[in-house]
Amino acid sequence: MNNRQIADTFETIADLLQIKGEIIHRVMAYRNAADAIRELPRDINAIYADGQLQQIPNIGATLAEKIEELITTGELEFFNRLAAEVPVTLVDVLKVEGVGPKKAKKFWDELGITTLEQLQEAAAKGELQKLSGMGKKSEDRILAGIESLSRRTDRISIGIAMPLALDFLNELLKLPQVKKGHVAGSLRRFRETIGDLDLLVASDDPDPIMEAFIHHQSVERVLGHGPSKSSIETFQGPQVDLKVIPPERYGTALVYFTGSKQHNVRLREMAQNIGLTLNEHAFTNLETGEETLCATEEEVYAVLGLPYIPPEIREDRGELEAAQQNNLPDLIQLSDIKADLHMHTTWSDGSFSIREMAEAAKARGLSYIVITDHSQSLGIANGLTPERLLEQQAEVRKVDAEMGPDFRVFHGTEMDIRADGTLDFPDEVLEKLDVVIASIHVAQKQDKDQITQRALNAIRNPHVDIIGHPRGQLLPDREPTQLDMDAVFEAAAEHNTALEINANPRRLDLDAAYARRAQELGIKLVINTDAHHPENFELISYGIGTARRGWVEAQNVLNTWDADQFLDWIANR
Ligand SMILES: [Zn+2]
Ligand SMILES: [Zn+2]
């Protein structure tokens, strides 16, 4: 059993004891123990092996015995006896706002309710309001609580979370009391899906900031309102937490609330090695109790003798070792991007003309684009026949000439890889194009061998330059295809075929882990928006965030190169 499992067991025991009506200090003993175990900077199994369980805060002889039993047998007699008395599923009922242990016990005793579903059913049928001490209002509140619970536990796509978080943050940054502010949590690290949103601002005057926060237009309900922390629920679903930090302690707080947990555990270990503890407030000298405050994240890392580590790679996946050796990757930045190689126009399923897409890309500061409409077999997307493709080429050449020498428009395709593995255009058509992307859009449920063979057929074709959104995932719910990525990487490396990081936040495909692996194998990457509308060009930031999470450096991304270098690669690969 690991730290988290043991902490969860103690937390559940606390809940069950509370429903049973145990005295509060017995309940709190388990809750405090759970918190202490969750915060431990070391594996609890190792602490047990060293005979040091009772040195953990809040752990006395009795609890140490219970931890020992869990570690050695994987079970706890006391927990089993408790679970036989009180159904463990009642713990979920306690998570509903407005349901405390007394009510949970009442619902169980009088209506036999032991699960969240049963509670929802009973509330919907109006059974709760008939109980003594309950009424229509409290029943409605419980129903609303169940609904918001189901909305909150759903993770949302970064494409929804980021604009929402930035909307809150930008409003707060306008306040004169706010010195600086950040989106924190997994959103700052560019995780693809997000639970709650975390915001952090630096100020000595929190009250007007909290006031403005809880009155933001997106607030549906205020869950908590205090001087250093407030929580609200938005109409869009996610919960947003705001913490106001004194400016001189902002650095430690920002590192702490950005995470990841694993990264922070390692930082605390490194602090301990030099006689310090580290928490969200400060470093503290273990002997003298003297605090070292950090206003910036740079100062936090400097105390540990490390260079600044960018948030996207704070996952304890080698970044601390790299930092110690002064060998951190030089991560790609938005300003490195010179081109977008994948977009659609009114020729297939896009909403704007070639000229309009070119103008919009130029206005964003790009220096070249590739027009890549769908191919003939994708009927629903109005895919192009070879005849229409050649007609389109004439228009692309015309727009390219009109745009002048500083902005180039190239002609390509996003060609379908058909269900039977053949390509949607013959070689004599492909050789007329400047750039060829091949993508899988149909028959995504095929078994591993079949779908992998399709991808390999495309990679091995000398005219195919790029594989678009290789794994076919759609966030948050459509799983990627069964594609054998080892085989895809091997073939892409052998045939010098580039792989796409599709920046659309519903795709983010390749994801960070695969992008990192591809780069390690020497495979070239491209980061494209797959724009169907000029506004979609903005989505590039999600592709950059994903690439940075994957340790990707600019020189390995083809669309950071200038047009001549890019064309040279296409011609010679
Ligand atoms: Zn596509
Ligand atoms: Zn596309």
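Me: Are His-342 and Glu-414 buried or exposed?

Reply: This is a predicted model, in which local features need pLDDT of at least 70, side-chain atom pairs count only at pLDDT 80 or more, and totals for chains, interfaces and linings use all residues. Residues are numbered from 1 along each chain as its sequence is written, chains are lettered from A and ligands numbered from 1 in the order in which they are written, and side-chain values use heavy atoms, with hydrogens and water left out. Buried means under 20% relative accessible area, exposed over 50% and partly exposed in between, with a 1.4 Å probe and protein chains only. For Glu-414 the relative accessible area is 1%, and His-342 and Glu-414 are both buried.

Me: Which protein donors hold the zinc ion (ligand 2)?

Reply: Donors are N, O and S atoms within 2.8 Å of the metal (3.2 Å for Na, K and Ca), and water is not among the atoms, so sites may look incomplete. Lying 2.1 to 2.2 Å from the zinc ion (ligand 2), the protein donors are His-342 (NE2), His-344 (NE2), Glu-414 (OE) and Asp-530 (OD).

Me: Which residue coordinates both the zinc ion (ligand 2) and the zinc ion (ligand 1)?

Reply: The protein donors of the zinc ion (ligand 1) are Glu-414 (OE), His-441 (NE2) and His-469 (NE2), and Glu-414 is also a donor of the zinc ion (ligand 2). The two zinc ions lie 3.4 Å apart, and the residue that bridges them is Glu-414.
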